[in-house]
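Trainee: I have a model open on my screen and would like a close look at one part of it. Could you walk me through it and then carry on to the surroundings?

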Amino acid sequence: MVLKKRADFVRASHGQRCGTPGIHLQARQRSEGEASGIRVGFTCSKKVGNAVARNRAKRRLREAARLVLPEHGRDGWDYVLVGRKDMTASLPFDTLITDLKRALKRVHA
């Protein structure tokens, strides 16, 4: 499921964080009263570049999350993937996936 409301992004930003060269990951474990499942959101600021660069970075983040989160994500967690300037859109995709896996390991350690 995808995060869409600003309040969900703000709550995730107050949770755990992990930065890698290609991705900045924000994560939080939801309380028991909230919905189950993995939820994920994507964001890129204007520092990443113009609209074309931001959309390219978000497309790459969405695909990386689609491949990695079912295996390495945890049920009941919210994840926000933040694009990085000059890196998210230009890194080799395998490196981006490795960065996401490493960030998830650190968050769940």
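Trainee: Is Ser13 buried or exposed? Please take your time with the answer, and tell me about the rest as you go.

Mentor: Happy to! One thing to keep in mind from the start is that this is a predicted model. Ser13 is buried, since its relative accessible area is 17% and the cut-off for buried is under 20%. You will find Ser13 in helix H1, which covers residues 6–13. Its side chain has a polar partner in the backbone: the oxygen of Val10, at 2.6 Å.

Now let us move to another buried residue, Thr88. Thr88 sits in the loop that connects E4 and H3, and with 0% relative accessibility it counts as buried. Its side chain offers polar atoms to the backbone in two places. A polar atom of the Thr88 side chain is 2.6 Å from the backbone oxygen of Gly22, and the backbone nitrogen of Arg84 is 2.7 Å from a polar atom of that side chain. If you set aside neighbours within four places in sequence, the residues in contact with Thr88 are Gly22, Ala57, Arg60, Leu61, Gly83 and Leu96.

Asp86 belongs to the loop between strand E4 (77–83) and helix H3 (93–108). Whereas Thr88 is buried, Asp86 is exposed, at 54% relative accessible area. Its backbone deserves a glance as well. Most residues other than glycine have a negative phi. Asp86 is not a glycine, yet its phi is positive, at about 60°.

From that loop we can step into helix H3 itself, where Lys101 lies. Lys101 is partly exposed, with a relative accessibility of 34%. Between the C-alpha atoms of Lys101 and Asp86 there are 20 Å, for a separation of 15 residues along the chain. Not counting residues up to four places away in sequence, Lys101 touches Val68 and His72.

That brings us to how H2 and H3 meet. Two packed helices are described by the angle between their axes and the distance between the axes. Here the axes of H2 and H3 come within 10 Å, and they cross at roughly 45°. The two helices are therefore oblique to each other, and their crossing is right-handed. On the H2 side the contact is made by Arg60, Glu63, Ala64, Ala65, Leu67, Val68, Leu69 and His72, and on the H3 side by Phe93, Leu96, Ile97, Leu100, Lys101, Leu104 and His108. You will recognise Arg60 and Leu96 from the contacts of Thr88.

Next comes the loop between strand E3 (39–43) and helix H2 (51–72), which is the place of Lys47. Lys47 counts as exposed, at 66% relative accessibility. The C-alpha atoms of Lys47 and Val68 are 26 Å apart, with their positions 21 residues apart along the chain.

Finally, a word on the cysteines, as you may be wondering about disulfides. A disulfide is a covalent bond between the sulfur atoms of two cysteines. Searching the whole structure turns up zero of them. Cys18 is in no disulfide, and the nearest cysteine sulfur, that of Cys44, is 17 Å away. For Cys44, too, the closest cysteine sulfur is the one in Cys18, and that distance is too far for a bond. Both residues are buried: Cys18 has a relative accessible area of 5%, and Cys44 has one of 11%.

Methods. Residues numbered from 1 in each chain as written. Predicted model: local features only at pLDDT ≥ 70, side-chain atom pairs only at ≥ 80, totals over all residues. Heavy atoms only, no water. Helix = DSSP H or I, 4+ residues; strand = E, 2+ residues; numbered from the N terminus. Buried < 20%, exposed > 50% of the residue type's maximum accessible area, 1.4 Å probe, protein only. Disulfide = S-S within 2.5 Å. Polar contact = N/O pair within 3.5 Å; in protein donor to acceptor, adjacent residues only side chain to side chain. Contact = heavy atoms within 4.5 Å. Axes fitted to C-alpha atoms, helices over the stretch in contact; angles between N-to-C directions. Parallel < 35°, antiparallel > 145°, perpendicular 65-115°, else oblique. Left-handed = near helix turned anticlockwise from the far one by under 90°.
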